[in-house]
Each structure stands twice: as structure tokens, then as C-alpha cells.
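This briefing covers one protein model, grouped by topic. The sequence and structure come before the notes.

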Amino acid sequence: MVDKLEDAWYVLHTKSRFENVVYEGLLKKNLDVFLPKIKVPSKRRDRRMTIRVPLFPGYLFVRTDLNPHRHLDIVKTVGAV
């Protein structure tokens, strides 16, 4: 009897400030991706804004079964470490 691997959530490490690039790249590959963001105040010289930044800088979450082809597809994404 062969066990079928089920999809699970995994943490994916990204290059610094590449979270959005990797997120978009994985979405284009039809993968289930989660990039939690929070709103933080940003001080600019001429104005104050609220911007959305990753909750865990340098990381995002991918749901996959980690079969070899899918795993290779994930790590070949631009910005993935």
C-alpha cells in the first residue's frame, strides 16, 4: 500500500524584499500561496502614509505535496532561496 502525500503548508524563504515577487511568481504557477501583511505607519519627508508590509519579512507560505516536479518549480521561482 502506497501512502499518497497530501498537501500541507510549508514556509518558503525569500531574498530580502522579494516577498511580493515570489508571491506573484507562485500565483502564476497556480500554487496556493499565503503572504500575511500588516499595516504600519510610514514617515516620508513630505507626508505620512500607512503601508502594508509582510508580517514575516523574508518568508511566505506555500501549500503543496512536495512532489519532486512541484518542489523544483517552487525553488526555481525568482527570489526564492
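Ser42 is buried, since its relative accessible area is 11%, and the cut-off for buried is under 20%. The model is a predicted one. The points below start from the strand that holds Ser42 and go on to the nonpolar core and a surface patch.

**Strands β3 and β4**

- Ser42 belongs to strand β3, which spans residues 37-43.
- Strand β3 runs antiparallel to strand β4, residues 48-54, and seven bridges join the two.
- The connection from β3 to β4 is a hairpin of four residues.
- Beyond the residues up to four places away in sequence, Ser42 is in contact with Arg47, Arg48, Met49 and Ile51.
- Ile38 has Val53 of β4 opposite it.
- In a regular strand, side chains point to the two faces of the sheet in alternation.

**Nonpolar core**

- The largest nonpolar core has 10 residues: Leu12, Val22, Leu26, Leu31, Val33, Leu35, Leu60, Val62, Ile74 and Ala80.
- Helix α1 (19-28) and strand β5 (59-64) each contribute at least two residues to this core.
- One of the core residues, Ile74, is located in helix α2, residues 68-75.
- Ile74 counts as buried because its relative accessible area is 6%, against a limit of under 20%.
- Leaving out residues up to four places away in sequence, Ile74 touches Leu12, Leu26, Leu31, Val62, Thr64 and Ala80.
- Val22 and Ile74 are separated by 52 residues in sequence, while their C-alpha atoms are 9.2 Å apart in space.
- Val62 is also a core residue; with the same sequence neighbours left out, Val62 touches Ala8, Trp9, Tyr10, Leu12, Leu26, Asp32 and Ile74.
- Leu12 and Leu26 are among the contacts of Ile74, and Leu12 and Leu26 are also among the contacts of Val62.

**Surface patch**

- Val11, Ile38, Leu55, Phe56 and Tyr59 form a nonpolar surface patch of about 430 Å².
- Ile38, which stands opposite Val53, is one of the residues in this patch.
- Leu55, another patch residue, sits in the loop between β4 and β5.
- Leu55 has a relative accessibility of 39% and therefore counts as partly exposed, the class between under 20% for buried and over 50% for exposed.

Definitions and conventions
Residues numbered from 1 in each chain as written. Predicted model: local features only at pLDDT ≥ 70, side-chain atom pairs only at ≥ 80, totals over all residues. Heavy atoms only, no water. Pairing = 2+ DSSP bridges. Buried < 20%, exposed > 50% of the residue type's maximum accessible area, 1.4 Å probe, protein only. Contact = heavy atoms within 4.5 Å. Core = buried A, V, L, I, M, F, W, Y, C linked by side-chain atoms within 4.5 Å. Patch = residues over 30% accessible without salt bridge, like charges linked within 9 Å, V, L, I, M, F, W, Y side chains within 5 Å. Areas by Shrake-Rupley, 256 points an atom, 1.4 Å probe, with all protein chains shown as cover. Salt bridge = Lys/Arg side-chain N within 4 Å of Asp/Glu carboxyl O.
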